[in-house]
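This report describes the pockets of a protein and one of its sheets. The sequence and structure are shown first.

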Amino acid sequence: MQAWPNPIVPNVAGTSVPLKLYDTADQQVKPVDTTPDAKGEVGLYVCGITPYDSTHLGHAATYLTFDLVQRQLIANGHKVHYVQNITDVDDPLFERAERDGVDWRELGSNQIDLFRSDMEILSVIPPRDYIGAMESVDEVIEMVQKLLDEGVAYTLDQGDVYASIDATEQFGYESNLDRATMEEYFAERGGDPEREGKRDKLDALIWRGHREGEPAWDSPFGPGRPGWHVECSAIATNRLGASFAIQGGGSDLAFPHHEFSAAHAEAALHVDRMAGHYVHAGMIALDGVKMSKSLGNLVFVHKLTEQGHEASAIRLAVFSQHYREDRDFSDAILHTAEERLDRWREALANEVSEDEALGVVDKLRAALADDLDTPTALRVVDEARGDYDGVIATALEGLLGVHL
């Protein structure tokens with residue numbers, strides 16, 4: 001599947017600072033393992049959208065977080081192999097299409113186009129591999145078959161295939177949740193704990209047997225379609241290898257999605273750990289209330305830009321709070337970001353010495369390398385008295401994606 005155009009990412013002056021990020025599994029900020037793979041690259045996988053509704057600011061904040069990750073790695077001289085999926089076959093898509101009386105393929109295609117447009121407007125660096133679930137069916141079938149061959153998956157009636165939570169000894173290491181919380185989240189986030197015949201309530205569906213009215217693909221274990229978690233397992237490992245540097249997404253994906261996608265890959269490919277870092281961005285609220293479709297309080301990126309708000313101001317509004325926090329968004333926060341952008345433009349039009357400008361860039365690099373500490377990074381620029389030959393302005397574009 002085609003992604004969106006690459007923004008200009010200029011070379012950044014100053015001294016490189018190795019990137020450290022909070023790892024959900026190890027529950028600490030630690031250096032990212034940037035040891036290049038056989039192709040000389042650092043692997044980054046971020047879970048993409050299920051295209052049944054417009055891109056809202058909560059989605060955008062997650063992808064802006066991992067855009068920052070890419071930018072820090074690139075500025076440090078690393079070549080990044082970024083992969084993102086798109087779940088273009090899934091129950092929410094079918095349900096929304098039926099509700100609206102449209103073909104699910106048409107709905108998905110329209111929302112994917114809108115997502116691409118929003119990412120381009122926000123100057124998000126696109127994935128090199130942007131892979132739809134429908135494109136990856138053969139890869140999923142291969143991984144499901146491996147899990148069956150390993151004896152860690154089993155088939156129920158209607159052709160459904162499940163993977164056991166006992167497939168790996170370390171199940172639960174990624175999210176660090178107790179059993180009761182796992183069961184609660186599993187039920188809330190797409191799981192089927194009451195499915196009759198399952199060996200364990202938490203066993204995850206990896207192949208859904210064909211039901212009337214749903215799309216299906218042939219497989220050795222019967223016609224059907226991929227499960228959600230194993231889709232990401234297959235897409236990620238087939239492009240980045242059995243183990244890679246970072247798997248990312250919103251905090252609501254830590255369990256069950258990332259726990260299971262890691263477990264499926266680890267069991268099928270015999271690795272101890274799929275990703276060196278599991279990185280999760282916090283949720284976005286509107287005026288103190290969590291954004292949700294049910295509440296109808298979503299803020300849409302394309303609506304903000306249609307109202308005349310600059311993409312750089314939207315980025316600064318998101319970056320004004322730390323990515324791991326459950327953050328707030330409001331008209332006041334966006335207005336403050338716009339005022340900040342205006343102040344930067346005015347201040348950086350002044351001339352200062354090269355050493356002073358490079359000092360600002362080094363402080364900016366250091367803040368962002370420390371678990372993407374954007375609040376500190378923005379304060380560093382707030383204190384800048386001017387620029388030297390566009391050194392700071394170029395760093396803002398390269399590191400933050402902010403255009404002056």
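In this predicted model, the lining of the largest pocket is made up of 16 nonpolar, 18 polar and 15 charged residues. The lining numbers 49 residues in total, and those nearest the centre of the pocket are Thr50, Tyr52, Trp228, Asp252 and Leu253. The space in this largest pocket amounts to about 1,600 Å³.

Both helices and strands contribute to this lining. At least two residues each come from helices H1 (57–75), H2 (91–100), H5 (179–188) and H6 (228–240), and from strands E8 (204–209), E9 (224–226) and E10 (244–250). H1 gives the largest share, with four residues.

The second largest pocket holds about 280 Å³ of space. Thr24, Ser175, Ser251, Ala254 and His280 are the closest to its centre among the 16 residues of its lining. Helix H7 (254–269) and strand E11 (275–281) are the elements that supply two or more of these lining residues.

The table sets out the class make-up of the two linings.

| Pocket | Nonpolar | Polar | Charged |
|---|---|---|---|
| Largest pocket | 16 residues | 18 residues | 15 residues |
| Second largest pocket | six residues | seven residues | three residues |

Turning to the sheet, three strands in the order E13-E12-E14 form an open sheet with mixed pairing. Strand E13 (289–290) and strand E14 (327–329) each have a single partner strand and stand at the edges, so each has one side without a neighbour in the sheet. Strand E12 (residues 284–286) and E13 run antiparallel and are joined by two bridges. Ala285 has Lys290 of E13 as its bridge partner.

Terms used. Residues are numbered from 1 along each chain as its sequence is written. This is a predicted model: local features need pLDDT of at least 70, side-chain atom pairs count only at pLDDT 80 or more; totals for chains, interfaces and linings use all residues. Side-chain values use heavy atoms; hydrogens and water are left out. On a 1 Å grid over the protein atoms alone, a cavity is a set of points where a 1.4 Å probe fits but cannot get out, and a pocket is an open set with protein on both sides within 12 Å along at least five of seven lines; lining residues have an atom within 4 Å of a point. Grid points are joined across faces, edges and corners, and a volume is the space filled by probe spheres set on the points. Ala, Val, Leu, Ile, Met, Phe, Trp, Tyr, Cys and Pro count as nonpolar, Asp, Glu, Lys and Arg as charged, and the others, Gly among them, as polar. Two strands pair if DSSP finds at least two bridges between them.
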